[in-house]
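Here are my notes on this model, as numbered points. Please read them with the structure open beside you.

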Amino acid sequence: MQSLQRAGRRLLALTGLLAVLSLVFGSAASAADQTADSASGKSYVIGTDTTFAPFEFRQGGELVGIDMDLLRTIAENQGFEVEIRSLGFDAALQALQSNQVDGVIAGMSITDERRQVFDFSDPYFDSGVQMAVAETNNEITSYEDLEGETVAVKRGSEGEAFADSIADEYGFTVKPLDQSATMYDDVKAGNSVAVFDDYPVLAYGIAQNNGLKAVTEKERGSSYGFAVNKDQNPELIAAFNAGLAELKASGEYQQILDKYLASPETAGQTSFWQLLTDSLPALMKGLGLTLFATAISIVIALILGVAFGFLKVSRRIMLRGIATTYVGIFRGTPLLVQAFFFYFGLPQLTGMPIDVLTAGVLTLSLNAGAYMTEIVRGGIQSVDPGQMEASRSLGLGYIKSMHKVVIPQAVKIMTPSFINQFVITLKDSSLLAVIGFAELTYQGQQIYAGNFRTGETLLIVAALYFVVITLLIKLSNILDKRFNK
């Protein structure tokens, strides 16, 4: 009888143990399956560079390149969707850290330092650094010729790390810039004698007549990887790795590389008229966004300016203090810092992502509102105080005196300053290109990043600004004369 009881207890204990093991290992397996499969059906926002051909660049208005083709093909293969935001390398990394995007693919080298902040996919490209000089330069042919000279590198790139590592040995100065196209122009302008960049980027640029020539052999470099924030979106990394492995096995990976590297299409010498014709659709799209964002910002700024302007002339010190603080903050900090704060800083503080249009309008309207506040204050205080005293002596109250006597005169004084502020705000919108706001200047950057015709493209962009601003000034002057005659 006792032996039967012992056998029963053993059987019960064994059953319990099996149940616990089943629960533990079953859950683990389930979690693993979920991690591997959970990217399917989801949508991710991916940040990338603006000017890093052949990995990402505009062609016919569409963002193409090795990174873009790989990402889109892997997304289709693994059943998830991607929304790509072309921000620039630095801005893309900041957007990732502020959770504005879910991942970054931008020819980013996998380094130990970056591994502390990001989780990387399996390497998808082995790069290397090469030095190039202007095609007319026959004096710089090796690192030994760089003594006392300045070289351009892309900020945060492997080229910068390599240049820094040999700068003391060969006695040259390193100048970090933000884009490949900017580096090449710096060399062609003679401000730097050479550039260190990734060899496929240089090779593609030379094929597109960027005015440079490579003068050294490729240095061994690191590998590129797709990145997400540390311990976030592991299913996205797993899906990218699985898709990359399938592309390599099927040969599609090599086809994508060969499309851009094996025989990069050499750009023909097109005329300025052809460049203008090809560029206008994208530039007009950017111009429309510029005018749209400026118009919304000016309306909001006008409301803010009137509200805070009246607070500034209030007799109550607290109200004047509120208006003075607002004006002090937005007049005392650069517009560029404000744009970075609203797009990258605010989401980190609040945990809520903010789209680039909202961030851009917030920046422009709050900045312009501070200046409009001073315009309103100055306009009101420019009216002869005797006007108010005369009105009050006739028995009119303060508000009625302001409405009927002071404000009509102040508006006439303010109008030219309002027009001037409108023009300034329109031009300031170009600074928002640094956060990926696709306005007119941003579109111009996208165009010369692909064709390396920086001077001609910027000439077209400047001409568009000039025509639009001139027309707006003439229109404003006509309205001013009609309403204030």
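1. Which residues does Ser121 touch, not counting residues up to four places away in sequence? In this predicted model, Ser121 touches Ile110, Gly225, Phe226, Ile237, Phe240 and Asn241. Find Ser121 in the loop between strand E6 (118-120) and strand E7 (125-134). Ser121 has a relative accessible area of 4%. Buried means under 20%, so Ser121 counts as buried.

2. Move on to strand E7. Of its 10 residues, 9 are buried, so E7 is largely enclosed by the rest of the structure. Now look at its pairing. E7 runs antiparallel to strand E12 (residues 219-224), and 4 bridges join the two. Here Phe125 stands opposite Tyr224. E7 also pairs with strand E10 (residues 194-198), again in the antiparallel sense, over 4 bridges. In that pairing, Gln130 faces Asp197. Strand E11 (residues 212-214) is another antiparallel partner of E7, over 3 bridges. There, Val133 is opposite Lys213.

3. Lys218 sits in the loop between E11 and E12. Is Lys218 buried or partly exposed? Its relative accessible area is 46%, so Lys218 is partly exposed. Setting aside residues up to four places away in sequence, Lys218 touches Gly128, Val129, Gln130 and Tyr199. Compare its position with Ile447. The two are 229 residues apart in sequence, and their C-alpha atoms are 28 Å apart in space.

4. Next, the domains. The domain assignment gives domain 1 (43-124 + 225-261), domain 2 (126-221) and domain 3 (272-484). Domain 1 is therefore listed in two pieces of sequence. The C-alpha centres of domain 1 and domain 2 are 25 Å apart. Their contact takes 15 residues from domain 1 and 11 residues from domain 2. About 1,100 Å² is buried between them, and carbon and sulfur atoms give 52% of that area. On the domain 1 side, Thr51, Phe52 and Asp90 lose the most area to domain 2. Together they make up 36% of what that side buries.

5. How many salt bridges are counted between domain 1 and domain 2? The count is 1. Lys154 forms a salt bridge with Asp49, with the closest N and O atoms 2.3 Å apart. Side chains of opposite charge can pair when their charged atoms come close.

6. Search the whole structure and you find 11 salt bridges. One of them joins Glu235 and Lys42, with the closest N and O atoms 4.0 Å apart. This pair links distant parts of the chain, 193 residues apart. Glu235 is in helix H8 (residues 234-250), while Lys42 is in the loop between helix H1 (2-37) and strand E1 (43-48). The two ends differ in exposure: Glu235 is buried at 9% relative accessible area, whereas Lys42 is partly exposed at 37%.

7. Check Arg85 and Glu83 too. Their side chains meet in a salt bridge, 3.5 Å from N to O. Arg85 is partly exposed at 21% relative accessibility. Glu83 is also partly exposed, at 40%.

8. Lys312 and Glu374 form a salt bridge as well, at 2.8 Å from N to O. Lys312 lies in helix H10 (residues 272-312) and Glu374 in helix H13 (residues 356-382), so the pair ties together parts 62 residues apart in sequence. Lys312 counts as buried at 17% relative accessibility. Glu374 is buried too, at 15%. Salt bridges that share partners join Lys312, Arg331, Glu374 and Arg377 into one network.

9. Asp428 belongs to helix H15 (residues 398-428). Its relative accessible area is 22%, so Asp428 is partly exposed. Leaving aside neighbours within four places in sequence, Asp428 is in contact with Leu335, Leu364 and Asn367. The C-alpha atoms of Asp428 and Leu336 are separated by 9.3 Å, though the two are 92 residues apart along the chain.

10. Finally, the database record. An unreviewed UniProt entry lists "domain: ABC transmembrane type-1" for residues 287-477. In the model, that span is 84% helix and 0% strand. The UniProt annotation "transmembrane region", also unreviewed, covers residues 287-311, 323-346 and 458-479. Residues 323-346 are 88% helix, and their end C-alpha atoms are 22 Å apart. Residues 458-479 are 100% helix, with end C-alpha atoms 31 Å apart.

Methods: Residues numbered from 1 in each chain as written. Predicted model: local features only at pLDDT ≥ 70, side-chain atom pairs only at ≥ 80, totals over all residues. Heavy atoms only, no water. Buried < 20%, exposed > 50% of the residue type's maximum accessible area, 1.4 Å probe, protein only. Contact = heavy atoms within 4.5 Å. UniProt positions renumbered as here; feature names shortened; annotations may be inferred. Pairing = 2+ DSSP bridges. Buried area = accessible area lost by both parts, 1.4 Å probe.
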